Every structure is written in structure tokens, then in C-alpha cells.
Amino acid sequence: MTFENLKLLPQILTSLKAKGYTVPTPIQQKAISVILEGRDILGSAQTGTGKTAAFALPILQKLFESKANQRKGIKTLILAPTRELAQQISDSFRDYGRGLHLKHTVIYGGVSQRPQTDALRSGVDIVIATPGRLLDLINQGYVRLNTIEFFVLDEVDRMLDMGFITDIKKIIHDLPAKKQTIFFSATMPNEIKKISDSLLQHPVMVQVNPGLSAATTVKQQVYFIDKGSKKDLLNHFLAKEVKSHVLVFTRTKRGADKLVKSLIADGVKAEAIHGDKSQGTRQRALGAFKKRTVSMLVATDVASRGLDITDISHVINFDLPEDAETYVHRIGRTGRAGASGIAISFCSQDERGLLRDIQKLAKNNIEIVPTPKFERSPSHFEQRHPQRHEPGHESRFEPRNDQRRESRHKSGHGQRRESRQEYGNEPGREPRHHRSGNNSNQSQPRTNSSEDEKKFFPKKKRWNNTWKKKSNNSFGS
Ligand code: AMP
């Protein structure tokens, strides 16, 4: 099938040619003609599948064709969960709609509202918005939605996760009853089902399988590693195989900041983006990453959907995501539009349940790779108190018990550890992060990955509990 077969306007075909698109993606093949016919859509497709063009092209075409006999006001509203996604959708409307003379604007929080209200006052056909700021501007009287003809809700499940559901319901309340609705959500929890039932009229179901689309172009690997050693393993990859344009995901904002601080201290050009950063900082970080002045972007899941950056060579899941769908979104940032990419996940003991769910969705396409030998950094304690580990050093806080001290020296405790030692190269010496005592997999050459998995995830409950208690310190939650 070609774009010409979809009966798109010559102006749109010219824009698509300029973008270098030759054939419609599966979601475009399914959705474009359905929207042109005026039907509602209930869809499940990820960013990365060409979903934006699937709804933008037919909406642009219909707006253009009915332009002459339209009254004034906003005709299309698109709601997206994040500022980045809203901005990207806006950029797509700009690119696809060249020569159609339709006006669009993007509305999101974290920046001054002045340019947004100025744009609204001058009159726009299309508004792309995040729910919070839009509702704010509706309440201030800058936006009226009574002329809406097309309503797109993108990544509704994500909006639910982000706590936007009440805002969305209020916005829907302001929309006219007669409109064409396009509704995208990867999952359908009850709350979302209720909204879609009330909004959509005999919708056509459109689905592009997320698991398969990610698996085909992205090589997926997982390494079992304890929490405290993840940064050292990341350093190992940076030194050995991963050179630039790496997107790293952490679970928490604090974790992202902490990791970036530590990477910068190691001389890596890294930036963090997450919900606590101002929109300006996020855009600057993204811009620097796109221009390659920054080689590593560390993000929370605010960036996992919608980010359209070409040529990301590696996605590294420093922490596994809370749900399997998010994993697919994250790794979909590499291997975009048919290119190949590598997704590396670090899985610690407490994340093994998450990995199981992810493997299920990824149809066991994630290869378990033996953890390589790598150097470990000194702990904070060792950095701050190197003298406490010198042979013969006697701290004034240590119990004055000769016998006990002697036994500590015999067992190897209290001896100075090398500030950077080859992880796993010193039989008999227990690295700090294997306090559980089960470190035999590190001190001997590794043979196969299932052995790795077995050793890393022993069945003994007692051991699990000890491990959990002791490793509950890194990166918070
Ligand atoms: P999206 O899922 O809309 O975020 O699109 C993902 C990426 O695919 C974007 O970089 C688009 O520019 C690109 N894209 C969309 N449709 C096509 C197509 N038919 N052919 C090639 N690339 C496309």
C-alpha cells in the first residue's frame, strides 16, 4: 500500500515525501482511511509506530477540505500526557500540514502562559495540550471548546497513571456532543473503559501489537546485578561498548539526579530529565542530546513515551520499570522507524518479579547475559575513611578488645581494600556489595547465564530477606 492509495491530498503527499516516508506504517494503513470516513477509533499503538501521522494526516485533510464553510474557533483538540509528547505532536502537525494554511499551537505547563494565550487570541484551528495547563486556561477564559470537531486522546493510560483523569473528565464535559473521537490507550483499566464507552460512537478497533513491534528491531539483554553495583556495571559498558547517544532510565527522579551527578564526576557528559525539571531545562537537555553535545540522557518514565530522537544506539534500564508496558515504551526509544538498537536492562534481586512480567510481554525475547567482570568503586564509607582500613589502624570508636581485633585481622576484615579493585578477580575476597556471602559467581569465571540467574536468585527465603534488608539503600524510591 502507498500513501497515494489512501487518497491523501497532494500537499500532504509532498510533505510526506519531504519527510522521506515512502510507505504507510501498519497503524497508518489501518487508521487513515477510517478517520477520513468520519469513524471514531479505539486504538492501541505505541509511539514509534507512526501513530501521530495516523491521526494527524486525516485530521489535517478533513480540516483543509471543510475550511471554506467553517465558523471561527478551535476545531481539533489533542490531549497528550507529557510536554515532550505534546511538543512532538505539534512539530508533526507543522511538518505534515505545510501548505495547508491551518494554524496550530501547543499548550503545556512549566513555561509562561503568555505566548500560549497570545496564540489562542490570534485564532488557531488545532490545539495540542497537556491536561493541566489546558484546564487552567479554560478556567481563565482563554479557551473555548464548543467548536471542537476532532478530539484525540493520546496515551490515556499514561494520563491515568499521571493523575490527569479528573482534569480529562472536566475537559470532556466542555466538548460538544457531536465530534469525531480518536482514543489511544495501551491498556484498558475500568476507569478508562468507562470514559471510552461514554465518548466513542461505534468505534473501529485498531491495534498494533507492542511486544512484537519492539522485539523485531531491538536486541534485548538483561544482566543480573546487585543494586549497589549497577553504577559500576554502567561504567563498564561506557568504557567497553557503549560510546554515545545512550538513554538511561531510572525509576525515580532522585535516582536520575544522583546518577547524573556521579557520571559527570566520572567525566561523562550527561543530563537528567524528569518531572521536577523546568520545561526550559528539559528542552535544553533534549536539544543538547539531539545535537550530541551530551552523550547520555538519564530519564525517568516521563521521557519513556513520545521521545522521538533518532539514532539512540542504546537504551539502558538502570532500574526496571514498574510495569511491563513501560518497558516496551522505554526500549521503543531505540530501533525507531526500522533501525536497529540495543536495550540493556540491569535486574537486581528485588526486581526479579518485574522481569518475569516483562519477559512474558516480550515473549522471552530478552537474552540473559552473564554479568561481565568489572571494576567496583570504593564505597562512600571507604572514600571517607580510608585510614580505617589501613592494616594496624586503630579507631577510637573500635572496641578495645584485643582478642576481637585479632580475629577481625585474621578473617581479613579491617585490612585496606584497593580503592578500585577488579570485581571478581580476587578469590577469597568478598566485595562489599555481596555482603550476603553468596558471591561465588563473582570470584570464578562465569560459564553460563542460567547459572548466573540461579546464583543471583537463590530460593532460600532467609537469604532473600537478609539481602533485601541490606540492599535497601541505593537510589531510594
Ligand atoms: P510516532 O509513532 O508518530 O512517534 O512516529 C515515530 C517515528 O516514525 C517518527 O520519527 C516519524 O517521523 C516516523 N514515521 C512515521 N511514519 C512513518 C513512515 N510512514 N515512514 C517512515 N517513518 C515514519
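**Stop 1: helices α14 and α15**

Select Ala324, Tyr327 and Val328 in α14 together with Asp357, Ile358, Lys360 and Leu361 in α15, and you will see where the two helices meet. Keep in mind as you go that this is a predicted model. To see the whole elements, extend the selection to residues 324-331 for α14 and residues 352-361 for α15. Two packed helices are described by the angle between their axes and the distance between the axes. Here the axes come within 8 Å and cross at roughly 65°. Angles from 65 to 115 degrees count as roughly perpendicular, so α14 is roughly perpendicular to α15. The crossing of α14 past α15 is right-handed. Colour the contact by residue class and you should find five nonpolar residues, two charged ones and no polar ones.

**Stop 2: what α14 lies across**

Keep α14 on screen and add some strands. Which strands does α14 lie across? Show β8, β9 (246-249), β12 (314-317) and β13 (341-347), and you have them. The helix runs at about 150° to β12.

**Stop 3: the seven-stranded sheet**

Now bring in the rest of that sheet. It is open, has seven strands, and pairs in parallel in the order β10-β11-β9-β12-β13-β8-β14. At its edges are β10 (270-273) and β14 (367-368), each pairing on one side only. Strands of a sheet pair through backbone hydrogen bonds, either parallel or antiparallel, so showing the backbone is a good choice for this stop.

Go next to β13. Is this strand largely enclosed or open to the outside? Six of its seven residues are buried, so the rest of the structure largely encloses β13. Look at its two partners in turn:

- On the β12 side, four bridges join β12 to β13 in parallel. Select Ile316 and you will find Ile344 of β13 opposite.
- On the β8 side, seven bridges join β8 to β13, again in parallel. Select Phe224 and look for its bridge partner in β13, Cys347.

From β13, step across β8 (residues 218-224) to the edge strand β14. Two bridges join β8 and β14, which run parallel. Click on Gln221, and the residue opposite in β14 is Glu367.

**Stop 4: His236**

Select residues 230-240 to show helix α11, then pick out His236 within it. Is His236 buried or exposed? It is buried, because 20 other C-beta atoms lie within 10 Å. Now add Pro372 and Phe374: setting aside neighbours within four places in sequence, these are the residues in contact with His236. Draw a distance between the C-alpha atoms of His236 and Pro372 and you should read 8.6 Å, although 136 residues separate the two along the chain.

**Stop 5: strand β1 and its partners**

Move to β1, residues 41-44, and show β6, residues 180-184, beside it. The two strands pair in the parallel sense over three bridges. Ile41 stands opposite Ile182 of β6. Then add β7 (residues 204-207), which runs parallel to β1 and is joined to it by four bridges. Here, click on Ser44 and find its bridge partner in β7, Gln207.

**Stop 6: helices α6 and α8**

For a second helix pair, show α6 (residues 131-139) and α8 (residues 165-173). Their axes come within 9 Å and cross at roughly 45°. The two helices are therefore oblique to each other, and α6 passes α8 in a left-handed crossing. To light up the contact, select Pro131, Gly132, Leu134 and Leu135 of α6, then Asp167, Ile168, Lys170 and Ile171 of α8. By class, this contact has five nonpolar residues, one polar and two charged.

**Stop 7: two positive phi angles**

Most residues other than glycine have a negative phi, and most peptide bonds are trans. Finish with two residues that have a positive phi:

- Lys7, in the segment before α1 (10-19), has a phi near 60°. Lys7 counts as exposed because 11 C-beta neighbours lie inside 10 Å.
- Arg292, in the loop between α13 (279-291) and β11 (296-299), has a phi near 70°. With 11 C-beta neighbours inside 10 Å, Arg292 counts as exposed.

Methods. Residues are numbered from 1 along each chain as its sequence is written. This is a predicted model: local features need pLDDT of at least 70, side-chain atom pairs count only at pLDDT 80 or more; totals for chains, interfaces and linings use all residues. Two strands pair if DSSP finds at least two bridges between them. A residue is buried if 20 or more other C-beta atoms lie within 10 Å of its own, exposed if 12 or fewer, and partly exposed in between; C-beta atoms are placed from the backbone. Two residues are in contact if their C-beta atoms, placed from the backbone, lie within 7 Å. Axes are lines fitted to C-alpha atoms, for helices over the stretch in contact, and angles run from 0 to 180 degrees between N-to-C directions. Angles under 35 degrees count as roughly parallel, over 145 as roughly antiparallel, 65 to 115 as roughly perpendicular and the rest as oblique. A crossing is left-handed if the near helix is turned anticlockwise from the far one by less than a right angle, and right-handed if clockwise. Ala, Val, Leu, Ile, Met, Phe, Trp, Tyr, Cys and Pro count as nonpolar, Asp, Glu, Lys and Arg as charged, and the others, Gly among them, as polar.
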